[in-house]
Amino acid sequence: AKRRVAAAATLARVLPRLAAHDDVAAAALAKHVTGTFQKLHALDELAGYTGDTKDTGDTGGTKDTSDTSLQNTSYTSLQMSLRCCASLAEGIAGDADGEELKKRLLRCGAVDSVTGYLLDVAFAGEGARGLDKASGGWSAAIQRPAVALGLTALRG
């Protein structure tokens, strides 16, 4: 598992540099990253976060603790994909080629996907929406597994 994580980190650093010099590769990379970021909410669902706030007060959702092997495999796979894409976005160089790739990601909707997840899903609960860091909604939101990956992606 550690080798897979190390290989993914290496690819996340190298792919933006390679794709930046080829329009077709840059378009394909931007499309893939955007599609992956659109699945941020799915990571929470696979982890058991229902997002149901009507019976939980201001907790921002309940956690279903039922586990299955298939769910764990899907969760691990999606988590790795999201981690790679977040690292890739974070590692885009600040040079002219990197800035062009960032613009392409913006046009494809990658940033909208991440901010949409953060605002409309993770921090949509009572308390969290108002940025009340002492609320149960805020606590529940920051515990969602996809939040850290979304914030990492926005650093890029």
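Mentor: Let's begin with a definition: on a 1 Å grid over the protein atoms alone, a pocket is an open set of points with protein on both sides within 12 Å along at least five of seven lines. Keep in mind, too, that the model in front of us is predicted.

Trainee: Thanks! Before the pockets, how many helices and strands are there in the protein?

Mentor: From the N terminus on, the elements run α-α-α-α-α-α-α-α. The count for the protein is therefore, with helices and strands taken as DSSP runs, eight helices and zero strands.

Trainee: And what share of contacts between residues at least 6 apart in sequence join residues at least 24 apart?

Mentor: Here a contact means heavy atoms within 4.5 Å. One pair to look at is Val5 and Arg83, which touch although their positions lie 78 residues apart in sequence, counted as a separation. Among contacts between residues at least 6 apart, the share joining residues at least 24 apart is 71%.

Trainee: Staying with Val5, is this residue buried or exposed, or in between?

Mentor: Val5 is found in helix H1, and Val5 touches Met80 and Arg83, leaving aside residues up to four places away in sequence. Its C-alpha is 9.2 Å from that of Arg83. Because its relative accessibility is 35%, Val5 counts as partly exposed.

Trainee: Now the pocket: what volume does the largest pocket have?

Mentor: Its lining is made up of 13 residues. By class, these are eleven nonpolar, one polar and one charged. The volume of the largest pocket is about 170 Å³.

Trainee: Which residues lie nearest the centre of the largest pocket?

Mentor: Look at the helices around the largest pocket: H2 (23–37), H5 (96–108), H6 (110–122) and H8 (145–155) each supply at least two residues of the lining. Of the 13 lining residues, those nearest the centre are Ala89, Leu105, Val111, Ala153 and Gly156.

Trainee: H6 appears in that lining, so to speak of its own surroundings: which elements do the buried residues of H6 pack against?

Mentor: H6 has 13 residues and reaches 17 Å from its first C-alpha to its last, close to the 18 Å expected at 1.5 Å a residue. Its buried residues are Ala110, Ser113, Val114, Tyr117, Leu118 and Ala122. They pack against H2, H3 (40–46), H5, H7 (136–143) and H8.

Trainee: H8 is in that list too. Why does Thr152 count as buried?

Mentor: Thr152 has its place in helix H8, and Thr152 touches Ala86 and Glu90, not counting residues up to four places away in sequence. Buried means under 20% relative accessible area. Thr152 counts as buried because its relative accessibility is 17%.

Trainee: What about Asp132: what is its relative accessible area?

Mentor: Asp132 lies in the loop between H6 and H7. Leaving aside residues up to four places away in sequence, Asp132 touches Gly127 and Trp138. Asp132 is partly exposed, with a relative accessible area of 39%.

Trainee: Let's turn to enclosed space. Which helix gives the most to the lining of the largest cavity?

Mentor: A count of cavities of 30 Å³ or more comes to one, and about 50 Å³ of space lies in the largest cavity. Its lining includes Pro16, Arg17, Asp97, Gly98 and Leu101. Helix H1 (2–19) and H5 each supply at least two lining residues, but with three residues the most comes from H5.

Trainee: How do the residues lining the largest cavity divide by class?

Mentor: Among the lining residues are Ala20, His21, Ile92, Ala93 and Asp95. Gly counts as polar in this scheme, and Gly98 is one of the lining residues. The full lining divides into five nonpolar, two polar and three charged.

Trainee: One last topic: how many disulfides are there?

Mentor: A disulfide is a covalent bond between the sulfur atoms of two cysteines. The sulfur of Cys84 is 6.8 Å from the closest cysteine sulfur, in Cys85, and therefore too far for a bond. The cut-off is 2.5 Å, and the count of disulfides comes to zero.

Trainee: Which side of the burial cut-off is Cys85 on, buried or exposed?

Mentor: Cys84, at 21% relative accessibility, counts as partly exposed. At 5% relative accessibility, Cys85 counts as buried.

Methods: Residues are numbered from 1 along each chain as its sequence is written. This is a predicted model: local features need pLDDT of at least 70, side-chain atom pairs count only at pLDDT 80 or more; totals for chains, interfaces and linings use all residues. Side-chain values use heavy atoms; hydrogens and water are left out. On a 1 Å grid over the protein atoms alone, a cavity is a set of points where a 1.4 Å probe fits but cannot get out, and a pocket is an open set with protein on both sides within 12 Å along at least five of seven lines; lining residues have an atom within 4 Å of a point. Grid points are joined across faces, edges and corners, and a volume is the space filled by probe spheres set on the points. Helices (H or I, at least four residues) and strands (E, at least two) are DSSP runs, numbered from the N terminus. Buried means under 20% relative accessible area, exposed over 50%, partly exposed in between (1.4 Å probe, protein chains only). The expected span of a helix is 1.5 Å times one less than its number of residues.
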